[in-house]
Amino acid sequence: QVQLVESGGGLVQAGVSLRLSCVASGRTFSRYAMAWFRQLPDKEREFVVAINWNGGSTTVADSMKGRFTISRDNAKNTLYLQMNSLKPEDTGVYYCAADTTVGRSWNPARRSRYEYNYWGQGTQVTVSS
């Protein structure tokens, strides 16, 4: 079992930066890949960015390249999402997710929500214009 708790969301103005955190507990954090997804209003949950077990490899959705960066601190069991130059269209609920099914192997094509088997409760990000 893996428990994930996100934090760091809130109401911000367009153009600013925000960093989300996700603290994991349960299984050894350094043994699995992690990702961030988001769900915009009236939209399906979509992939944002993922990172492999040791932080050495990442993959990001094309629409968010250059603005969103993922990182992890395995000593702190914590995943981060750095979001820069936020836009009103980034408003939504952001979720961290764990993929414990493939161990330390890495496949940047694993971007489907159905490939991640543990989820946090989400944190709301609202960007005002």
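## The four-stranded sheet

Two strands count as paired here if DSSP finds at least two bridges between them. On that footing, this predicted model has an open sheet of four strands, in the order β1-β3-β8-β7, with antiparallel pairing. β1 (2–7) and β7 (68–73) sit at the edges with a single partner strand each, so one side of each has no neighbour in the sheet. Going from one strand to the next, the twist averages 20°.

If you want to look at one of these pairings up close, try β1 and β3. Strand β3 covers residues 18–26, and six bridges tie it to β1 in the antiparallel sense. For a handy landmark in the viewer, find Q3, which stands opposite S25 in β3.

## β5 and its two partners

Next up is β5, residues 45–51. Is this strand largely enclosed or not enclosed by the rest of the structure? Buried means under 20% relative accessible area, and six of the seven residues of β5 are buried, so the strand is largely enclosed by the rest of the structure.

β4 (residues 33–39) runs antiparallel to β5, and six bridges join the two. M34 has I51 in β5 as its bridge partner. The hairpin made by β4 and β5 has five residues between the strands, and D42 in that hairpin takes a positive phi near 65°.

β5 also pairs with β6 (residues 58–60), again in the antiparallel sense, this time over three bridges. Here A50 stands opposite T59 in β6. The hairpin of β5 and β6 has six residues between the strands, and G55 is the residue to check there, with a positive phi near 85°.

## One cavity

Now for the empty space. Rolling a probe the size of a water molecule over the atoms shows where such space is left. How many cavities of 30 Å³ or more turn up? The count comes to one, and the volume of the largest cavity is about 40 Å³.

What lines it? The residues around the largest cavity are A33, D99, V102, S105, W106, N107, R110 and Y116. Sorted by class, that lining has four nonpolar, two polar and two charged residues. The charged pair is D99 and R110, while S105 and N107 are the polar ones. That leaves A33, V102, W106 and Y116 as the nonpolar part of the lining. A33 also ties this spot back to the strands, since β4 spans residues 33–39.

Conventions
Residues numbered from 1 in each chain as written. Predicted model: local features only at pLDDT ≥ 70, side-chain atom pairs only at ≥ 80, totals over all residues. Heavy atoms only, no water. Buried < 20%, exposed > 50% of the residue type's maximum accessible area, 1.4 Å probe, protein only. 1 Å grid on protein atoms, 1.4 Å probe; cavity = no way out; pocket = protein on both sides within 12 Å on 5 of 7 lines; lining within 4 Å. Points joined across faces, edges and corners; volume = space filled by probe spheres on them. Axes fitted to C-alpha atoms, helices over the stretch in contact; angles between N-to-C directions.
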